Amino acid sequence: MKGEDYTIRKIEKGIVIDHIVRGKALIIARLLGLEHLAEQCEDRISLAFNCDSPSMGKKDIIKVENWTLTPRQINYVALISPRATVSTISGFNVIEKRTVETPDRIGDLVVCPDRFCITNHEEVPCKFDVTRKDPITLRCHYCETSFYGKLIQFK
């Protein structure tokens, strides 16, 4: 509805992923397994799309009650939205807020797009160097294939 503002309720304890690139919250939610979490618990999970942002124009937001992120999950967020912030909430207050940091090297989060790469034929753990952080560009440690954008396929 045009002209009306809607707010997402505050959470008492959990996490807020903010400053997500517009249109990317659903991808992050899928990678974090939030649809399965929603089926297994009664805690509130909120996704907001196209929210007004003075610094970004439009942004997405994810809020999850009674939940924390693992380092692997934070890396997923960083690969999808390198400027996202993660706030830890306790007692309805932000107790920690930090911008995600894209690592210089990542492991088994993605698959190499080169079908001839050894990682696609043998039990070899994937390794990728992050050669550019925004937009994310990766280079396979083994075959040296560089790729970015829609070529990044997550495990």
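**Aromatic pairs, cores and a pocket**

In this predicted model, the structure holds two aromatic pairs. One of them is formed by Y76 and F154, whose rings meet edge-to-face, with 5.7 Å from centre to centre and 70° between the planes. This pair links distant parts of the chain, since Y76 belongs to helix α3 (residues 71-80) and F154 to strand β11 (residues 153-154), 78 residues apart. Y76 counts as buried because its relative accessible area is 6%, whereas F154, with a relative accessible area of 24%, is partly exposed.

The other pair, F128 with F147, is also edge-to-face, with 5.5 Å between the centres and 85° between the planes. Here too distant parts of the chain are linked: F128 sits in strand β8 (residues 128-133) and F147 in strand β10 (residues 146-148), 19 residues apart. Both of these phenylalanines, F128 and F147, are buried.

From the rings we can turn to the interior. In soluble globular proteins, nonpolar side chains tend to be buried together. In this model the largest nonpolar core has 20 residues, and those with the most contacts inside it are I17, I28, L32, L34, I62, W67 and L69. Several elements build this core, for β1 (13-21), α1 (25-32), α2 (34-40), β3 (57-65) and α3 each supply at least two of its residues. If neighbours within four places in sequence are left aside, W67 is in contact with G14, I15, L32, L34, L37 and Q73. Another core, of 15 residues, lies apart from the largest one, and V110, C126, F128 and L138 are among its members.

What does a single buried position in a strand have around it? S46 is found in strand β2 (residues 45-53), and S46 counts as buried because its relative accessibility is 14%, under the 20% limit. Leaving aside the neighbours within four places in sequence, S46 is in contact with I8, I61, I62 and K63.

The last stop is the space left open between the atoms. The largest pocket has a volume of about 530 Å³, and 18 residues line it, of which K24, L79, I80, P82 and G149 lie nearest its centre. The elements that give two or more residues to this lining are β1, α3 and β11. Sorted by class, the lining of the largest pocket has eleven nonpolar, three polar and four charged residues. Helix α3 therefore appears in several parts of this account, because it holds Y76 of the aromatic pair, supplies at least two residues of the largest core and gives two or more residues to the pocket lining.

Methods
Residues numbered from 1 in each chain as written. Predicted model: local features only at pLDDT ≥ 70, side-chain atom pairs only at ≥ 80, totals over all residues. Heavy atoms only, no water. Phe/Tyr/Trp six-rings, centres within 6.5 Å; stacked < 30°, edge-to-face > 60°. Helix = DSSP H or I, 4+ residues; strand = E, 2+ residues; numbered from the N terminus. Buried < 20%, exposed > 50% of the residue type's maximum accessible area, 1.4 Å probe, protein only. Core = buried A, V, L, I, M, F, W, Y, C linked by side-chain atoms within 4.5 Å. Contact = heavy atoms within 4.5 Å. 1 Å grid on protein atoms, 1.4 Å probe; cavity = no way out; pocket = protein on both sides within 12 Å on 5 of 7 lines; lining within 4 Å. Points joined across faces, edges and corners; volume = space filled by probe spheres on them. Nonpolar A, V, L, I, M, F, W, Y, C, P; charged D, E, K, R; others polar.
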